[in-house]
Amino acid sequence: MRADRVFAYGAAAGLLGDVLLGDPRRGHPVAVFGRAAGAVEKVLWREHRGWGALHTAVCAGGAVALGAVAQRVVRPSRTASVALTAAATWAVVGGTSLAREARSIGRALEAGDVEAARERLPHLCGRDPQALDADGIARAVVESVAENTSDAVVGALVWGAVGGVPGLVGFRAVNTLDAMVGHKSPRYRRYGWASARLDDVAGWPGARLTAVLAAVAGGDPRGAVRAWRADADRHPSPNAGPVEASFAGALGVRLGGTLSYGGRIEHRPVLNGAGRAVAVHDIERAVRLSRRVGWLALGVCVAARRIVKGRTS
């Protein structure tokens with residue numbers, strides 16, 4: 001079976017598996033990788049960019065190598081190749097967990113239980129929940145759904161189309177390392193620099209595809225494109241900016257503004273300033289848009305891989 005068909009069948013099965021099964025409660029492969037990366041950090045940590053780069057190379061490179069070996073082992077069998085691609089896709093995408101957490105917070109807000117929503121928010125993003133009222137929580141959830149549509153779904157599919165199983169697991173490894181050490185805390189400001197920069201590079205194509213598909217699948221394509229062009233470059237993240245701006249325009253809401261991370265106040269630019277303030281019901285709208293973007297991304301990645309394969313064969 002041709003490699004493009006292996007990816008098409010396997011990625012579709014894996015994405016469907018995520019919809020039907022979600023993430024396992026215990027023993028998730030990403031959690032296993034996180035523990036391994038934490039063990040490597042204990043050995044290598046120094047307040048130095050070079051040691052951080054070595055940590056990134058060992059962990060991300062090891063994940064890619066493991067994926068490459070597994071793909072090579074199963075290559076003689078079409079069924080095993082599809083099954084491995086499906087398992088890898090299911091393991092690295094997180095659309096169902098993203099939707100579940102967002103909806104859980106949305107239900108708490110709808111019931112007027114702001115404290116319960118605050119308790120759930122750390123499962124979705126790193127904001128300081130005590131610094132947020134109900135509207136601030138709803139805005140944080142919509143922003144997180146937008147950003148994680150790229151990080152947890154589309155980006156993985158893009159790199160799976162490019163590199164098969166090694167691309168899938170490699171992207172997720174890089175994204176996980178960024179979440180672990182890529183933030184600007186005193187401990188990781190230097191050590192996590194390489195992980196953060198590599199995540200920016202790896203996330204670039206998926207973020208742009210997510211922004212395009214949000215414009216296509218949202219309720220206001222012109223508004224999404226307008227917000228993306230006007231506001232994306234003002235965001236401090238080169239990848240979150242296009243995604244959040246496009247989602248804001250597609251949903252007709254304002255995102256960005258003042259927020260708090262780890263006790264540190266940030267004043268971020270407003271995205272789609274012409275939109276209205278985020279309301280609780282926009283959480284469900286964002287989740288549905290995220291779902292549509294994920295399936296459209298699968299179609300685009302499968303089609304792109306088949307076109308490239310056809311030209312090179």
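The following questions and answers concern the cavity, one pocket, a helix and the aromatic contacts of a predicted model.

User: On what basis are the values for this model computed?
Analyst: The model is predicted, so to speak of local features requires pLDDT of at least 70 and side-chain atom pairs count only at pLDDT 80 or more, whereas totals for chains, interfaces and linings use all residues. Residues are numbered from 1 along each chain as its sequence is written, and side-chain values use heavy atoms, with hydrogens and water left out.

User: What is the volume of the largest cavity?
Analyst: A cavity is a set of points, on a 1 Å grid over the protein atoms alone, where a 1.4 Å probe fits but cannot get out. Points are joined across faces, edges and corners, and a volume is the space filled by probe spheres set on them. One cavity of 30 Å³ or more is counted. The largest cavity has a volume of about 120 Å³.

User: Which helix gives the largest share of the lining of the largest cavity?
Analyst: Lining residues have an atom within 4 Å of a point, and here they include Leu 15, Asp 18, Val 145, Arg 291 and Trp 295. Helices are DSSP runs (H or I, at least four residues) numbered from the N terminus; those that give two or more residues to this lining are α1 (3-21), α5 (95-110), α7 (134-181) and α11 (281-312). The largest share, five residues, comes from α11.

User: How far apart are the end C-alpha atoms of α1?
Analyst: The expected span of a helix is 1.5 Å times one less than its number of residues. For the 19 residues of α1 this gives 27 Å, which agrees with the distance in the model: the end C-alpha atoms are 26 Å apart.

User: Which residue with positive phi follows α1?
Analyst: The buried residues of α1 (under 20% relative accessible area, 1.4 Å probe, protein chains only) include Phe 7, Leu 15 and Asp 18. After α1 comes a residue whose phi is near 65 degrees, Gly 22.

User: Which element gives the most to the lining of the second largest pocket?
Analyst: A pocket is an open set of points with protein on both sides within 12 Å along at least five of seven lines. The second largest pocket has a volume of about 470 Å³ and is lined by 22 residues, with Pro 29, Phe 33, Ala 63, Leu 66 and Val 169 nearest its centre. Two or more lining residues come from each of α2 (29-44), α3 (49-74), α4 (78-92) and α7. With seven residues, the element that gives the most is α3.

User: How many residues apart in sequence are the parts tied together by the pair of Trp 45 and Tyr 191?
Analyst: The structure holds one aromatic pair (ring centres of Phe, Tyr or the six-membered ring of Trp within 6.5 Å; planes under 30 degrees apart are stacked, over 60 edge-to-face, the rest tilted). Trp 45 and Tyr 191 form this tilted pair, with 6.3 Å centre to centre and 40 degrees between the planes. Trp 45 lies in the loop between α2 and α3 and Tyr 191 in the loop between α7 and α8 (193-217), so the pair ties together parts whose separation in sequence is 146 residues.

User: Which charged residue sits over the ring of Trp 45?
Analyst: A charge sits over a ring if NZ of Lys or CZ of Arg is within 6 Å of the ring centre and within 35 degrees of the ring normal. The charged end that sits over the ring of Trp 45, 4.5 Å from its centre, belongs to Arg 187.

Note on methods: Buried < 20%, exposed > 50% of the residue type's maximum accessible area, 1.4 Å probe, protein only.
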